[in-house]
Amino acid sequence: MIVYLVRRIGQSLLAIAAMATLVFLGVYAIGNPVDVLVSPDANQAEIEATIARLGLDQPLWRQFLTFAGNALRGDLGTSFVYGRPALDIIMERLPATMELAFVALVISVALGVPLGVYAGLKPDTIGGRSVMAGSILGFSLPNFWQGMILILIFAVFLGWLPAGGRGQTVELFGLRVSFLTTNGLTHLILPAFNLALFKMALVIRLARANTREVCLQDYIKFARAKGLSPRRIVLVHVLKNIMIPVVTILGLELGSMIAFAVVTETVFAWPGMGKLLIDSINLLDRPVIVAYLMLTVVIIITINLVVDILYSFLDPRVRLSEVKA
Amino acid sequence: MNSYSTSLAAGLIAASALAGGASAQQLTIGLASEATSMDPQFHNLATNSQVRQNIFESLIAQDALQGLQPALATEWEAVDDTTWRYTLREGVTFHDGTPFTARDVIYSYCRVPLVENSPSSFSIYTQSVTAMRAEGDHTLIVETNGPNPLMPVESSTIAILSADAAGAEEEVVFNGEGCEGMGTVPQATAFNDPAVSVGTGPYKLVEFTRGAQLVLSRNDDYWGEAPHWERVVLRPITSAGPRVAALLSGDVDLIESPPIQDLPRLEQAGFNVVDTLSNRVIYLAPFQEDEAPSLTGTDGANPMTDPRVRQAMSLAINREAIVERIMNGYAEPAGELLPPPMFGTSGRAVDPYDPARAQELLAEAGWPDGFGVVLGTPNDRYINDEQVAQAVAQMLTRIGIRTQVDATTASQFFSRRNNLEFPLYLAGWGASSGEMSSPLKSLVATYDREAGMGVTNAARYSSEELDTILREAMVTIDDEERSRLLQEAETIALDDFGILPLHYERSAWAMKPEIAYEPRVDQYTLAFAVRPADASAGD
């Protein structure tokens, strides 16, 4: 077990180091921030002072070494635009994104699993078919378009919900959250639903496929033969068994949901990290872009690591096969 | 869609009439971009400037046409070529109740170069000042290192802070050697705190939540005309679609820069749309040195060094068609670098559309079969920029100059443009000073890094005559004489077709029918200038 753990953590650190190099080089290859930052009225002395202050006069390898050295100490650089540590600026925005992602996760499970099981149990009914057709829409329509349509219907035509922003927040354990106030909740519903749509479609398809598979298993047949009520069969035997793959996939998808809520946050003017990323890209604020990407890399790799470790506990075959290989 | 939007309009008007009583004292504005800091001296950027003017004022203000108006200074005059006298307004108090005096002005000017990590410093507007001294509390003498006719304009960009709230010593001195008595200078983040963010403006800072909102409350002791709204919320909504949706759904009362294709629909739905000519000209710049990149069919020569070729390009462009078809009328064909009658314009006629004459000129210049050129353009910086470039490319191709558009995002475009990667590019210039020396100095003066001339002249146009006249204009204090010199310098560049103006953008605002806003050429959205549509409504 310990061998497996050490190996797995080592792999994760290696992946983070490789990503740091790629991200840094990639971001530093585009454009020249000075052209965007400095007022066009500025003279050469101003421009050169800015270049020197931002460290852009150094050769790339030295900039990289400085970055890598600072990153090891947890310092991901100072934002060109805000003049403050990039990580601080992102951390300010993190709670808003986390909240959005978690609510979206809850929505996608709470709606996705029942719908998927229903479609799996009754695959040939009109209801089952419409659920599947709906999930195709969830997959194939672009996220921003879904967001705009949600705004158009629920904010503009019906006027039930606000079109964007975060609304009122209250403090909970030192973090500002909006799901505890009515006003905040109304602001949360549309963006969370928008973010959930794709994952929900994924959950529906996964749940349906697994339900159909599980229903053909001997233990279901046996349960039926024993005369258990259909309700008990579905709630206990089917649901338990389909949840394993659903939880695995959602664990992995949560990372990408946090990292890539960009589109939803932009459409709904949600003050999270994704919107910050877009604004930073437009301003070529390299330290913020790099810090953001590094943070998402670390989040995703950590989630992967945790999922793998949990798996190895649940299913010893995983770690045994790895050790042998 | 029509019947929908009519019923939508009816619904919205009914809804806002109902809500009128409760929210009449609050104004919510959807801004297209967010201020990067609450420190009014941190970042020289229009986005920050329009926000800070609610809280911090300058000695001089710019009105909707960028004319200079008294603000914290009631009068200003040049005593001689290098000395200015400002008479300061009496009876003005800061938000914390302390009176405004010359000491605050000296402190504010002294602080500008001391702001750390500024992405773009305001010191370009203060570096000509060598000393300041107070004659009593309300007279200020300013000395400059040479004649600087733009001194009043530059005063309108510097926010005046409260020396006391910032922690200055009893006496602040600004003489030839620098500043003394500054105490510990607060840095940008300190200004998120309303106790430090103390100005004399019509609004006080209540709360700034980055990315979400900025809340202001009315300064009831304001010296000037009191603003109408008790509370103002400024919300950054950076994407155009969601900004329009926020207005339609009643989340916000007013939005800036709505997309022009949505304007007819907004008007149909009963919203107020106002627009005005902006100080921004969209222009084409043909590269004018011998070695031009990305040209084809020229055997290494650069035909665009010949003024006749550049004139042909100008005549080939149907500016009316671009304005009507691509800009939906929200632009005006341009004949100059700044829309007349702004300071230093000459009222020059727009170049006509004459493709036949253009072809003749090309033939005369020795290029009867034309040549191939790449047209660089940003695709997210100016209104419909890429579409305009595509239209220009087709028009040039029609007279034989085979033009290929290379459109990229603004941050990429500006870097590549400054590296001289484009033989021809489309860009825009907004004269923040509201007068002609700004575009002349940056766009057509001979490129000179050290002197800060021609910094944006990536076409490398150069005329010694223009440089001489412009240099003279920049040290001429007399307004009439300076205006004449600027006109003369501009005429040289335009006669040479050194730069080809296309159109002036119009900027628009959309708002609920109950409120009114006077559109501004500098495109600023100033909360205190938003009024109820008629005086009886709204309260």
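Is E77(B) buried, partly exposed or exposed? In this predicted model, E77(B) is partly exposed, with a relative accessible area of 42%. Its salt-bridge partner is R85(B). The closest N and O atoms of R85(B) and E77(B) are 2.9 Å apart. R85(B) is also partly exposed, at 30% relative accessible area. Side chains of opposite charge can pair when their charged atoms come close.

The whole structure holds 26 salt bridges over all chains. One of them crosses between chains, and it joins E92(A) to R210(B). E92(A) sits in helix α5 of chain A, residues 86-121. R210(B) lies in the loop between β10 (203-209) and β11 (213-218) of chain B. The closest N and O atoms of E92(A) and R210(B) are 3.6 Å apart. The two partners differ in burial: E92(A) counts as partly exposed, because its relative accessibility is 39% and the partly exposed class runs from 20% to 50%. R210(B) counts as buried, because its 11% is under the 20% cut-off. The pair is also part of something wider. R84(A), E92(A) and R210(B) are linked in a network of salt bridges.

Another salt bridge lies within chain A. The side chains of R129(A) and D124(A) meet with N and O atoms 3.8 Å apart. R129(A) is exposed, with a relative accessible area of 53%. D124(A) is exposed too, at 61%.

The interface between the two chains was examined next. In chain B, 47 residues are in contact with 44 residues of chain A. About 3600 Å² is buried between the chains, and carbon and sulfur atoms give 53% of that area. Three residues of chain B lose the most area to chain A: N117(B), P119(B) and R210(B). Together they account for 16% of what the chain B side buries. R210(B) thus appears both here and in the salt bridge with E92(A). That bridge is the one salt bridge found across the interface of the two chains. Six residue pairs are in polar contact across the interface, both residues of each pair having pLDDT 80 or more. Several elements of chain B give two or more residues to the side that touches chain A. They are the helices α1 (2-23), α5 (240-248), α11 (410-418) and α12 (437-444), along with the strand β12 (231-236). By class, the residues on this side of chain B divide into 17 nonpolar, 24 polar and six charged.

Chain A itself has two assigned domains. Domain 1 covers 1-80 + 284-325, and domain 2 covers 88-283. Their C-alpha centres lie 29 Å apart. Contacts join 17 residues of domain 1 of chain A to 22 residues of domain 2 of chain A. The two domains bury about 1600 Å² between them, with 78% of it on carbon and sulfur atoms. There are zero salt bridges between these domains. Four residue pairs are in polar contact, both residues at pLDDT 80 or more. On the domain 1 side, α2 (33-37) and α13 (286-314) are the elements that give two or more residues. Helix α13(A) gives the most, with 12 residues. The domain 1 side has 13 nonpolar, three polar and one charged residues.

One loop residue of chain A was also considered. T169(A) lies in the loop between α7 (143-157) and β1 (170-172) of chain A. T169(A) is buried, because its relative accessible area of 19% is under 20%. Leaving aside neighbours within four places in sequence, T169(A) is in contact with R176(A), V177(A) and S178(A). T169(A) and T302(A) are 133 residues apart in sequence, and their C-alpha atoms are 29 Å apart in space.

Chain B is likewise divided into domain 1 (36-227) and domain 2 (277-505). The C-alpha centres of these domains lie 36 Å apart. In domain 1 of chain B, 12 residues are in contact with 14 residues of domain 2 of chain B. About 870 Å² is buried between them, and carbon and sulfur atoms give 59%. Q66(B), P149(B) and L150(B) supply 56% of the area that domain 1 buries there, more than any other three residues. Zero salt bridges are found across this interface. Two residue pairs are in polar contact, both at pLDDT 80 or more. The domain 1 side divides into eight nonpolar, three polar and one charged residues.

How values were computed: Residues are numbered from 1 along each chain as its sequence is written. Chains are lettered from A and ligands numbered from 1 in the order in which they are written. This is a predicted model: local features need pLDDT of at least 70, side-chain atom pairs count only at pLDDT 80 or more; totals for chains, interfaces and linings use all residues. Side-chain values use heavy atoms; hydrogens and water are left out. Domain bounds come from an automatic or database domain assignment. Contact means heavy atoms within 4.5 Å. Buried area is the accessible area (1.4 Å probe) that two parts lose on being put together, summed over both. A salt bridge is a side-chain nitrogen of Lys or Arg within 4 Å of a carboxyl oxygen of Asp or Glu. A polar contact is a pair of N or O atoms within 3.5 Å; within protein, one must be able to donate a hydrogen and the other to accept it, and residues adjacent in sequence count only if both atoms are side-chain atoms. Helices (H or I, at least four residues) and strands (E, at least two) are DSSP runs, numbered from the N terminus. Ala, Val, Leu, Ile, Met, Phe, Trp, Tyr, Cys and Pro count as nonpolar, Asp, Glu, Lys and Arg as charged, and the others, Gly among them, as polar. Buried means under 20% relative accessible area, exposed over 50%, partly exposed in between (1.4 Å probe, protein chains only).
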